[in-house]
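Me: I'd like to learn how to read helix packing from a model. Could you walk me through it?

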Amino acid sequence: MNRYIPGTTLKFSEQAREEAFSTIAPVLEATGGLTLSQLSKLTGLTGSTIQNWIKRGWVSATHGKKYSKKQVQRILLMNMLRNAMKLEDIARLMEYVNGDVEDTSDDIIDDDVLYNILCRIIFTAEDEGAFEAKSIQKLIKRELEQCTNEIHIRSDEYKLHNAMFVMIMGYRSSCIKNEMDKVLTVILDEMQNN
């Protein structure tokens, strides 16, 4: 099975299992950020799509020509959901969790922690073949219990739990849709060739 780190074009590695963003962070630190072309290669998104997300206020604005850690994290989160959800809904979901994209003081959880938790749950669910709602709810609960220090607004933990459930199920829906599209393409090619 070809596994990828969610939201990226990077192949899965055991290093990514616990801290998925750690596979990307060293490049960001060494280069002071990613260029638009590097970010496009990392995500598989076109440069115009990334710039549009910034223009629409879904990702914080760039300062200079490089994309910061915070911008990359937000783009990865949005990218992992975009095939299953409307972009406006993804933006609203991110706002539900972390308020204004430019203001980190209202964040329930940092985007990198959120991304790493989501990836851990996704990898575990894939390994166990457990994408039923109850299994995902249990995995989310377990992860949130283990990272209580990373949750900035404890009273909003229920919001985080619900948003994470939507994100994981959205990601899984996207994967299922991609598999469906592959088979549909084969069927349509066969029909065209007959």
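Reply: Happy to! Let's start with a term: two residues are in contact when heavy atoms of theirs lie within 4.5 Å. Keep in mind that this is a predicted model. Leaving out residues up to four places away in sequence, I136 touches I121, A125, A130, F131, F165, I168 and M169.

Me: Which residues touch the most other members of the largest nonpolar core?

Reply: In soluble globular proteins, nonpolar side chains tend to be buried together. Here the largest such core has 57 residues, and V72, L114, Y115, I136, L160 and M164 touch the most other members. Helices that each supply at least two residues include α5, α6, α8 and α9, while α7 gives the most, with 10.

Me: How do I read one helix, say α6? Where do its buried residues fall, seen down the axis?

Reply: An α-helix has 3.6 residues a turn, so residues three or four places apart point the same way. In α6, the buried residues are I90, A91, L93, M94, V97 and N98. Viewed down the axis they fall within an arc of 160°, so they line one face of the helix. Among the elements covering them are α5, α7 and α9.

Me: And N98: is this residue buried or exposed?

Reply: Buried, with a relative accessible area of 0%. Its side chain makes a polar contact of 2.9 Å with that of D111. Beyond four places in sequence, the contacts of N98 also include R74, D103 and I108. Just after α6, G99 takes a positive phi of about 55°.

Terms used:
Residues numbered from 1 in each chain as written. Predicted model: local features only at pLDDT ≥ 70, side-chain atom pairs only at ≥ 80, totals over all residues. Heavy atoms only, no water. Buried < 20%, exposed > 50% of the residue type's maximum accessible area, 1.4 Å probe, protein only. Polar contact = N/O pair within 3.5 Å; in protein donor to acceptor, adjacent residues only side chain to side chain. Core = buried A, V, L, I, M, F, W, Y, C linked by side-chain atoms within 4.5 Å. Helix = DSSP H or I, 4+ residues; strand = E, 2+ residues; numbered from the N terminus. Arc of directions from axis to C-beta.
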